[in-house]
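Reader: I have a protein open here and don't know where to begin. Can we go through it together?
Author: Sure, bring it up and ask as you go.

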Amino acid sequence: MATTPVYLEVGSKRTFACSFAWPGWTRAGKDEEEALDALVEAAPRYRRTLGAAARDLTAPATAKGLRVLERVKGNATTDFGAPGVAAKADDDDLTERELRRQLRILQACWRAFDRAAAKAEGVELSKGPRGGGRDLDKIVDHVLGADSAYLGAFGGAVTGSGDRAERLRSAFVEAATLRTHGEPPPKPRKRAALWPVAYAIRRSAWHAVDHVWEIEDRSAT
């Protein structure tokens, strides 16, 4: 029986299968079947990457255990290689308890990225299709730059001085918490709708995990 809820973001060249409950557990394929198979295959690695934060994840043995609740139309971002469209269910408000749970998972994804980057210091990353020729410093800068863009897309703003990653992530948690409490975000967008909180969390988590695995894969060869 299919019990694990997911949604599919279907582009013209690529499809993403995304878990609603587990931010960062998102995989892509050329079509729906391939994406769902990839999601199941990635579950053990996702659990290892997050450690204790994912101990309650019970993944199905095959894609037949995944329950597709939504299909959304992808866009150019989807075909480029990133999940770029929120699910309709993301418009539903998160409960305080669910927000805390999802933020714990997101923070575990961030910590996993920091660990992978620290472990790869001084390691020559292999070249090739996985990540192209980007070196470690540029990967780190890319991930933090993307999170800065995600933060702005759902109404957050970095303040103060100090470590870039810490300030950015604190602002992310602050904006998500304010939005969930029904309060105005620190920096509302003037010309575009704000991203739903659940989607912003999922997007940042996916990006962190994806680059954890890039660093690991390119360090191992």
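Reader: How much of the protein counts as buried?
Author: This is a predicted model. Of its 221 residues, 47% count as buried.

Reader: And what does the surface look like?
Author: The exposed area is about 11,400 Å², and 50% of it is supplied by carbon and sulfur atoms.

Reader: How many helices and strands are there?
Author: The protein has 6 helices and 4 strands. In sequence order the pattern runs β-β-β-α-β-α-α-α-α-α.

Reader: Why is it as compact as a globular protein of that length?
Author: Its radius of gyration is 17 Å, and the globule rule gives 17 Å for 221 residues, so the protein is as compact as a globular protein of that length. The C-alpha trace spans about 45 × 40 × 35 Å along the principal axes.

Reader: Pick a helix. How many residues does H3 have?
Author: Helix H3 covers residues 96-119, which is 24 residues. From first C-alpha to last it reaches 35 Å, close to the 34 Å expected at 1.5 Å a residue.

Reader: Which residues of H3 are buried?
Author: Among them are Leu99, Leu103, Leu106, Trp110 and Phe113. Gln102 and Cys109 are buried as well.

Reader: What do those pack against?
Author: The buried residues of H3 pack against four helices: H1 (32-50), H4 (136-153), H5 (164-180) and H6 (197-219).

Reader: Different topic: how far apart are the mean positions of the positive and negative charges?
Author: They are 1 Å apart, taken over 35 positive and 31 negative charges.

Note on methods
Residues are numbered from 1 along each chain as its sequence is written. This is a predicted model: local features need pLDDT of at least 70, side-chain atom pairs count only at pLDDT 80 or more; totals for chains, interfaces and linings use all residues. Side-chain values use heavy atoms; hydrogens and water are left out. Helices (H or I, at least four residues) and strands (E, at least two) are DSSP runs, numbered from the N terminus. The radius of gyration is taken over C-alpha atoms; the globule rule is 2.2 Å times the number of residues to the power 0.38. Buried means under 20% relative accessible area, exposed over 50%, partly exposed in between (1.4 Å probe, protein chains only). Accessible areas come from the Shrake-Rupley method with a 1.4 Å probe; for residues, only the protein chains shown count as cover. Lys and Arg count as positive and Asp and Glu as negative; His and the chain ends are not counted. The place of a charge is taken as NZ of Lys, CZ of Arg, CG of Asp or CD of Glu. The expected span of a helix is 1.5 Å times one less than its number of residues. Contact means heavy atoms within 4.5 Å.
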